[in-house]
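Here are some exercises to work through with the sequence and the 3D view side by side. Try each task first, then follow the solution step by step.

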Amino acid sequence: MLAGTDGRMEDPSLQLSMQHLYDRGWMHLSSNEGSSAIDLLSLAQLIGTPVHQSNIPLIQPIVPRSNDAARHNTTSALYGLNAFPPHTDAAHWPNPPRYVLFQCYRCQSNTPTMIVDANPILNDTNRANDLARAVWQIRRVTHPFLCSAIVDGPRGRAFRWDPAIMIPASSHARQSLFSIAEQISSICRDAPITIQWHPGDILVIDNWRMLHWRPSIAPKGGPRVLCRIFVTADPTS
Amino acid sequence: MNNMPVNQSLWTHDLLWSKARAYMGRAQDVHRDDVLFPFWSSLTLEFLARAALASVHPALVADTSEPDIRNILHAFGRTPKLKGFVPKSAPMNEVIARCEQLIPEFTTEMARTCRAFASARNEELHSGGTPFAAIGEGWLLRFYEIARVLLSFQGKALTDLLGPQEAMAAEKLLAAATDEAAKSVNKTINAHSEVWKNKLPEERTRLTSQASKAAKGHLGHVVNCPACGSQALLQGEEIRQQPPVLENDVIVIRTLMLPNSFRCTACELQIEGHGRLLAAGLGAQFTNTARVEPLDYYASEDGDDEGFDFNWNNE
């Protein structure tokens with residue numbers, strides 16, 4: 001059975017991985033290296049406060065579905081088994097969660113998860129200022145709202161990007177859309193990181209910095225079941 | 001609490017700030033002589049004010065007139081028990097009052113202008129009137145002045161709201177207005193100075209002596225009149241009060257003040273408004289220092305001016 005968090009932070013390999021997360025924006029705990037010794041929820045609680053929408057379970061199973069089989073208003077309903085676009089998770093929350101944790105439960109499809117560091121855009125003053133000026137409309141939600149793609153707060157710079165639910169809401173956003181999409185395509189082309197899944201593997205990403213996506217699912221590929229938990233550093237802000 | 005459902009409010013700073021930018025964009029998309037230009041600008045100002053409050057915490061945007069704390073709970077991401085709860089934010093008049101308390105540079109004059117904008121917006125939306133057709137000149141300058149203060153409080157600048165080109169034009173307009181205010185106030189000072197010089201020396205001595213006696217530290221901040229050099233009083237509005245401290249067995253309360261009115265009893269020069277005072281070289285913030293006996297401080301709730309003394313040096 002999986003272990004809890006007591007004394008877990010004293011584990012040198014976990015400490016190293018956490019440092020990896022803070023420095024590079026992601027960490028991958030391979031089941032071959034004993035990651036199954038810690039369960040997903042315990043790890044989430046080590047990192048921050050696990051949060052969830054009231055109508056969605058805290059630990060949410062993610063299974064590829066065709067457009068027809070997917071739940072209404074989900075990414076799968078839009079893209080089905082095709083490739084997802086690079087995005088940050090929960091971009092439809094007023095304050096998107098800081099970290100997203102995935103754990104592989106079953107994976108016979110060999111479909112990886114792709115991640116890329118958006119810091120080349122976020123740390124470029126001109127690009128970031130340009131992006132910060134644009135206003136975006138969050139749609140396909142019960143309470144649509146306007147927001148920024150970049151928010152500078154006391155805990156650092158947060159990036160919000162999901163083309164499935166964000167459309168330009170200012171002339172600057174409309175003018176910049178092509179350029180921003182091109183910059184994102186460029187980093188995804190140049191420096192993508194491929195996470196190959198094995199049952200028990202855990203991936204943690206800094207959702208304010210890293211974009212992620214999955215390639216298309218092979219038509220006759222085997223099952224691919226991941227579980228996901230959102231974690232926020234401050235649930236009240 | 002280890003795990004919690006998300007119930008994030010729509011009063012977060014980024015959402016309100018984004019709405020301000022979106023409305024500003026709408027204003028910029030219409031002709032400058034279109035009534036929609038000041039209309040969208042008035043809505044921009046409203047959301048800049050709300051965003052300024054939310055930059056401290058979304059709870060500052062919550063309506064507090066309800067008999068419970070339902071709206072404050074909502075701002076903290078908690079769900080009140082009330083069935084069919086619809087979060088209610090503070091009305092604009094209250095938002096302006098909160099900004100006045102919270103933001104040091106947000107003056108009473110600015111609050112008055114914001115209320116005028118809000119009133120025009122209400123008339124536009126709720127009556128057959130078209131108030132923005134009669135808004136007159138000068139509103140854009142006041143809009144920029146207030147926007148700059150509200151933006152600065154939330155760590156932003158005019159360029160973040162208007163874009164670099166329009167921000168540059170706005171800064172030029174503000175600088176020109178400052179120059180104009182300086183010219184106007186200097187003209188007034190020079191006129192009083194001339195009248196003063198034409199008085200008999202004995203009369204000047206008598207008036208200066210009287211002014212010196214009248215300019216007591218407990219009645220205002222004592223400064224030298226820029227027209228006649230006599231001692232005169234500067235009044236201000238409270239920006240922030242520091243926590244009381246005990247010094248030599250006396251409780252000392254220091255309050256940071258923003259000058260808003262000057263009057264010299266010798267040459268009768270009067271200057272009203274912080275902008276004009278700034279142009280006259282009297283706009284620097286000053287500290288009002290009150291010294292109170294501990295017994296009086298803890299025993300009485302009534303205000304008592306005795307014991308107040310204004311510092312001589314501007315900060």
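**Exercise 1.** In which order do the 3 strands of the open sheet with β7, β6 and β10 of chain A stand, and is the pairing parallel or antiparallel?

*Solution.* Before you start, keep in mind that this is a predicted model.

Step 1: Trace the strands across the sheet. The order is β7-β6-β10 in chain A, and the pairing is antiparallel.

Step 2: Look for the edges. In chain A, β7 (145–147) and β10 (166–168) each have a single partner strand, so one side of each is left without a neighbour in the sheet.

Step 3: Check the turn between neighbours. Ignoring direction, neighbouring strands of this sheet are turned by 35° against each other on average.

Step 4: Zoom in on one pair. Strand β6 (residues 136–138) of chain A pairs with β10(A) over 3 bridges in the antiparallel sense. Within this pair, A:W136 faces A:P168 of β10(A) as its opposite number.

**Exercise 2.** Describe the open sheet of chain A that contains β5, β11 and β13.

*Solution.* Step 1: Put the strands in order. This open sheet of 3 strands reads β11-β5-β13 in chain A, again with antiparallel pairing.

Step 2: Name the edge strands. They are β11 (193–195) and β13 (210–213) of chain A, each pairing on one side only.

Step 3: Add the twist, which averages 25° from one strand to the next.

Step 4: Follow one pairing. Strand β5 (residues 113–117) of chain A is joined to β13(A) by 4 bridges, and the two run antiparallel. Here A:V116 stands opposite A:L211 of β13(A).

**Exercise 3.** Which elements do the buried residues of helix α2 in chain A pack against?

*Solution.* Step 1: Find the buried residues. Helix α2 covers residues 40–47 of chain A, and its buried residues are A:L40, A:S42, A:L43, A:A44 and A:I47.

Step 2: Recall the geometry of a helix. An α-helix has 3.6 residues a turn, so residues three or four places apart point the same way.

Step 3: List the packing partners. The buried residues of α2(A) pack against α1 (12–24), β1 (26–29), β2 (49–53), β4 (99–107), β12 (202–206) and β14 (224–232) of chain A.

Step 4: Inspect the start of the helix. There, a side-chain oxygen of A:D39 comes to within 3.2 Å of the backbone nitrogen of A:L41.

**Exercise 4.** Work out an overall portrait of chain B.

*Solution.* Step 1: Count the elements. Chain B has 11 helices and 8 strands.

Step 2: Take the dimensions. Along the principal axes, the C-alpha atoms of chain B fill a box of roughly 75 × 55 × 35 Å.

Step 3: Consider burial and surface. Of the 315 residues in chain B, 44% are buried. The accessible surface of the chain is about 16600 Å², and 51% of this belongs to carbon and sulfur atoms.

Step 4: Turn to the contacts. Among those in chain B between residues at least 6 apart in sequence, 62% join residues at least 24 apart.

**Exercise 5.** How many residues of strand β5 in chain B are buried, and which strands pair with this strand?

*Solution.* Step 1: Assess the cover. Strand β5 of chain B spans residues 250–263, and 11 of its 14 residues are buried.

Step 2: Go through the antiparallel partners.

- β3 (residues 231–241) of chain B is joined to β5(B) by 8 bridges, and B:Q235 stands opposite B:S261.
- β7 (residues 286–292) of chain B is joined to β5(B) by 7 bridges, with B:R254 opposite B:T289.
- β4 (residues 245–247) of chain B is joined to β5(B) by 3 bridges, with B:V245 opposite B:V252.
- β6 (residues 270–272) of chain B is joined to β5(B) by 3 bridges, with B:S261 opposite B:E272.

Step 3: Examine the hairpins. The one formed by β4(B) and β5(B) has 2 residues between the strands, and B:N248 takes a positive phi near 50°. The hairpin of β5(B) and β6(B) has 6 residues between them, and B:E268 in the turn has a positive phi of about 65°.

**Exercise 6.** How many disulfides does a search of the whole structure find?

*Solution.* Step 1: Run the search over all chains; the result is 0 disulfides.

Step 2: Check A:C188. The nearest cysteine sulfur, that of A:C147, is 19 Å away. A:C188 is buried, with a relative accessible area of 11%.

Step 3: Check B:C99. The nearest cysteine sulfur belongs to B:C114 and is 7.3 Å away, while a disulfide needs the sulfur atoms within 2.5 Å. B:C99 is buried too, with a relative accessible area of 0%.

Conventions. Residues numbered from 1 in each chain as written. Chains lettered and ligands numbered in written order. Predicted model: local features only at pLDDT ≥ 70, side-chain atom pairs only at ≥ 80, totals over all residues. Heavy atoms only, no water. Pairing = 2+ DSSP bridges. Axes fitted to C-alpha atoms, helices over the stretch in contact; angles between N-to-C directions. Buried < 20%, exposed > 50% of the residue type's maximum accessible area, 1.4 Å probe, protein only. Contact = heavy atoms within 4.5 Å. Areas by Shrake-Rupley, 256 points an atom, 1.4 Å probe, with all protein chains shown as cover. Polar contact = N/O pair within 3.5 Å; in protein donor to acceptor, adjacent residues only side chain to side chain.
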